[in-house]
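Subject: Handing over the structure

Hi,

Here is the structure I promised to pass on to you. Have a look at it first, and then read my notes below.

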Amino acid sequence: MNKVELPEGATLPVRHPDAPAPGEELPVHYSQCFGCGDNESGLHMRVRAGEGLTLHGRFLVTDHHQGAPGLAHGGLLACAFDEMLGMLGMLTHIPAVTGRLETDFRRPVPVDSTLHIRAQVDGVLGRKIYTSAVGRLNAEDGPVALTAQGLFIEVGLEHFSKHGRGLEGRDFEVNP
Ligand SMILES: CCCCCCCCCCCCCC(=O)SCCNC(=O)CCNC(=O)[C@H](O)C(C)(C)COP(=O)(O)OP(=O)(O)OC[C@H]1O[C@@H](n2cnc3c(N)ncnc32)[C@H](O)[C@@H]1OP(=O)(O)O
């Protein structure tokens with residue numbers, strides 16, 4: 001994992017009492033989500049809660065995900081990290097959106113490989129949530145293919161009703 005530089009005063013948020021238990025699979029937060037939903041060409045990411053403020057996810061790289069022939073597209077891999085880092089909100093119940101996402105591509109990711117991603121919350125300062133993740137090839141302890149750091153910004157739920165659609169009657173889930 002990258003060494004994450006946190007600003008002075010950042011603290012670790014509390015794991016929400018209703019967060020999925022360690023080992024529990026996270027629900028699909030939106031059926032059409034490109035990351036975790038039924039979207040035909042999507043990632044079909046499967047994610048389970050880890051200890052503390054961590055998540056473990058994985059997806060199979062398919063022909064839908066190519067950039068160069070036989071290799072995953074870099075932007076699509078960044079998408080997978082956005083999804084994983086965004087889903088950390090299910091541990092904290094803090095509604096937030098990606099403000100900044102930095103991805104380091106360290107190894108090519110071939111079609112038919114499974115990318116295992118471990119994501120964690122590193123700290124919170126005001127509305128800013130600092131997160132990071134590492135992606136490994138074909139096993140949870142496989143070779144590191146990517147690392148990423150994400151800055152998420154806490155927003156009110158009105159962010160999703162104002163800019164998105166279909167949030168009526170929901171409390172903390174931000175997608176229908
Ligand atoms: C409840 C949980 C449910 C979980 C469900 C799982 C869902 C999973 C879904 C997964 C899907 C994946 C998830 C997705 O794909 S989320 C979709 C992709 N992201 C977006 O669409 C966000 C678009 N941007 C915005 O809406 C606004 O710009 C936001 C809301 C982010 C901030 O505008 P706002 O007017 O509100 O606030 P502010 O501008 O005063 O900024 C506030 C603070 O933040 C700092 N700042 C801001 N930006 C940056 C930056 N780039 N680098 C560094 N710092 C930045 C800023 O300096 C300030 O700091 P400070 O001055 O206070 O120190």
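To start you off: which residue in E6 does Ile129 stand opposite? It is Phe152. Before going further, please keep in mind that this is a predicted model.

The overall picture first. The protein has three helices and six strands, and along the sequence they come in the pattern β-β-α-α-β-β-β-β-α. Its C-alpha trace spans about 40 × 40 × 30 Å along the principal axes. The radius of gyration is 16 Å, which agrees with the value near 16 Å that a compact globule of 176 residues would have.

Now the sheet. All six strands belong to one open sheet, with the order E1-E2-E4-E5-E6-E3 and antiparallel pairing. E1 (46–49) and E3 are the edge strands; each has a single partner strand, so one side of each is left without a neighbour in the sheet. From one strand to the next, the twist averages 20°. Helix H1 packs on this sheet and touches E1, E2 (54–60), E3, E4, E5 and E6. The direction of H1 makes about 135° with that of E3.

If you want to trace the strands one by one, E4 (residues 114–125) is a good place to begin. E4 pairs with E5 (residues 128–137) in the antiparallel sense, over 10 bridges. Two pairs to look for here are Gln120 opposite Ser132 and Leu125 opposite Lys128. These two strands make a hairpin with two residues between them, and in the turn Gly126 has a positive phi of about 60°.

On to the next pair. E5 also pairs with E6 (residues 144–154), again in the antiparallel sense, through nine bridges. This is where the opening question belongs, with Ile129 opposite Phe152; Lys128 has Ile153 as its bridge partner in E6. E5 and E6 form a hairpin too, with six residues between the strands, and Asn138 in that turn has a positive phi of about 70°.

E6 is in turn joined to E3 by nine bridges, and these two strands run antiparallel. Glu102 stands opposite Gln149 of E6 in this pairing.

There is a ligand to look at as well. How many residues surround the ligand? The count is 21, and the closest are Gly86, Gly89, Val97, Gly99 and Ile153. The elements giving two or more residues to this shell are H1 (74–87), H2 (89–92), E3 (96–105) and E6. Sorted by class, the shell holds nine nonpolar, seven polar and five charged residues. Ile153 is worth finding on screen, as one of the closest residues to the ligand and also the bridge partner of Lys128.

Last, the annotation. An unreviewed UniProt entry lists residues 70–124 as "domain: Thioesterase". Over that stretch the chain is 33% helix and 38% strand, and the C-alpha atoms at its two ends are 39 Å apart.

Over to you now, and happy browsing!

Best wishes

Notes
Residues are numbered from 1 along each chain as its sequence is written. This is a predicted model: local features need pLDDT of at least 70, side-chain atom pairs count only at pLDDT 80 or more; totals for chains, interfaces and linings use all residues. UniProt positions are given in the numbering used here, feature names are shortened, and annotations may be inferred rather than shown by experiment. Helices (H or I, at least four residues) and strands (E, at least two) are DSSP runs, numbered from the N terminus. Two strands pair if DSSP finds at least two bridges between them. A residue is near a molecule or strand if its C-beta atom, placed from the backbone, lies within 6 Å of it. Ala, Val, Leu, Ile, Met, Phe, Trp, Tyr, Cys and Pro count as nonpolar, Asp, Glu, Lys and Arg as charged, and the others, Gly among them, as polar. Axes are lines fitted to C-alpha atoms, for helices over the stretch in contact, and angles run from 0 to 180 degrees between N-to-C directions. Two residues are in contact if their C-beta atoms, placed from the backbone, lie within 7 Å. The radius of gyration is taken over C-alpha atoms; the globule rule is 2.2 Å times the number of residues to the power 0.38.
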